[in-house]
Amino acid sequence: MADQQVDARGLNCPMPIVKTAQAVKGLASGQTLEVIATDPGSVKDMAAWSKTTGNEIIEQSADGGVFRFVFRKK
């Protein structure tokens with residue numbers, strides 16, 4: 001189970017990334033954040049955000065149009 005969760009279902013770009021970035025700010029280094037999104041663009045957006053910020057994607061899955069990401073804060 002992640003330390004914190006962001007429910008970005010129903011939100012379109014750029015809101016899933018905005019909410020993810022806001023939530024990560026409140027985490028300590030090494031803590032995890034689970035993000036649930038329904039925007040198909042979030043797959044590319046989350047990968048790019050992870051690469052840019054250094055916050056690692058440690059889990060990623062898709063099930064019926066729902067995308068799940070788990071990040072570890074750098």
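What follows is a chat about the core, helix 2, the aromatic rings and the salt bridges of this predicted model.

Biologist: Hi! Which residues touch the most other members in the largest nonpolar core?

Modeller: Happy to help. That core has 14 residues, and those touching the most other members are Val6, Leu33, Val35, Met46, Trp49, Phe69 and Phe71.

Biologist: And which elements supply at least two residues each?

Modeller: Strand 1 (4-8), helix 1 (15-25), strand 2 (32-37), helix 2 (42-53) and strand 4 (66-72) each do. As a general point, nonpolar side chains in soluble globular proteins tend to be buried together.

Biologist: Let's take Val6. What is it in contact with, leaving aside neighbours within four places in sequence?

Modeller: Val6 is in contact with Lys19, Ala23, Leu33, Glu34, Val35 and Ile36.

Biologist: OK, on to helix 2. How many residues does it have, and what distance does it reach?

Modeller: Helix 2 has 12 residues and reaches 16 Å from its first C-alpha to its last. That is close to the 16 Å expected at 1.5 Å a residue.

Biologist: Which of the helix 2 residues are buried?

Modeller: Ser42, Met46, Trp49 and Ser50 are. Looking down the axis of helix 2, its buried residues fall within an arc of 100 degrees, so they line one face of the helix.

Biologist: What about the other side of helix 2, which residues are exposed there?

Modeller: Lys44, Lys51 and Thr52 are exposed on that side.

Biologist: And what covers the buried residues of helix 2?

Modeller: The cover includes helix 1, strand 2, strand 3 (56-63) and strand 4.

Biologist: What does Gly54 do just after helix 2?

Modeller: Gly54 takes a positive phi of about 85 degrees there.

Biologist: Switching to rings. How many aromatic pairs does a search of the whole structure find?

Modeller: The search finds two. In one of them, Trp49 and Phe71 sit edge-to-face, 5.2 Å centre to centre with 85 degrees between the planes. This pair links distant parts of the chain, since Trp49 is in helix 2 and Phe71 is in strand 4, 22 residues apart.

Biologist: Trp49, is that one buried or exposed?

Modeller: Trp49 counts as buried, at 12% relative accessibility. Phe71 is buried too, with a relative accessible area of 1%.

Biologist: So what kind of pair do Phe69 and Phe71 make?

Modeller: Their ring centres are 6.4 Å apart and their planes are at 25 degrees, so the pair is stacked. Phe69 is buried, with a relative accessible area of 0%. Ring pairs link Trp49, Phe69 and Phe71 into a cluster.

Biologist: Nice. Now, where is Leu27?

Modeller: Leu27 is in the loop between helix 1 and strand 2. Leu27 is buried, with a relative accessible area of 8%.

Biologist: Which residues is Leu27 in contact with, again leaving aside neighbours within four places in sequence?

Modeller: Leu27 is in contact with Gln4, Thr32, Leu33 and Lys73. Leu27 and Asp3 are 24 residues apart in sequence, and their C-alpha atoms are 8.3 Å apart in space.

Biologist: And Asp63, buried or exposed?

Modeller: Asp63 lies in strand 3 and counts as exposed, at 62% relative accessibility.

Biologist: Last topic, charges. How many salt bridges does the structure hold?

Modeller: The structure holds four. One of them joins the side chains of Asp7 and Arg9, at 2.7 Å, N to O. Asp7 counts as partly exposed at 42% relative accessibility, and Arg9 counts as partly exposed at 48%.

Biologist: Which residues are linked in a network of salt bridges?

Modeller: Glu34, Glu59 and Arg68 are. The side chains of Arg68 and Glu34 meet at 2.5 Å, N to O. Arg68 lies in strand 4 and Glu34 in strand 2, so the pair ties together parts that are 34 residues apart in sequence. Arg68 also forms a salt bridge with Glu59, where the closest N and O atoms are 2.8 Å apart.

Biologist: Is Glu34 buried or exposed?

Modeller: Glu34 counts as buried, at 8% relative accessibility. Its partner Arg68 counts as partly exposed at 25%, and Glu59 counts as partly exposed at 39%.

Terms used:
Residues are numbered from 1 along each chain as its sequence is written. This is a predicted model: local features need pLDDT of at least 70, side-chain atom pairs count only at pLDDT 80 or more; totals for chains, interfaces and linings use all residues. Side-chain values use heavy atoms; hydrogens and water are left out. A nonpolar core is a set of buried Ala, Val, Leu, Ile, Met, Phe, Trp, Tyr and Cys residues joined through side-chain atoms within 4.5 Å. Buried means under 20% relative accessible area, exposed over 50%, partly exposed in between (1.4 Å probe, protein chains only). Helices (H or I, at least four residues) and strands (E, at least two) are DSSP runs, numbered from the N terminus. Contact means heavy atoms within 4.5 Å. The expected span of a helix is 1.5 Å times one less than its number of residues. The arc is that of the directions from the helix axis to the C-beta atoms. Rings of Phe, Tyr and Trp (its six-membered ring) pair if their centres lie within 6.5 Å; planes under 30 degrees apart count as stacked, over 60 as edge-to-face and the rest as tilted.
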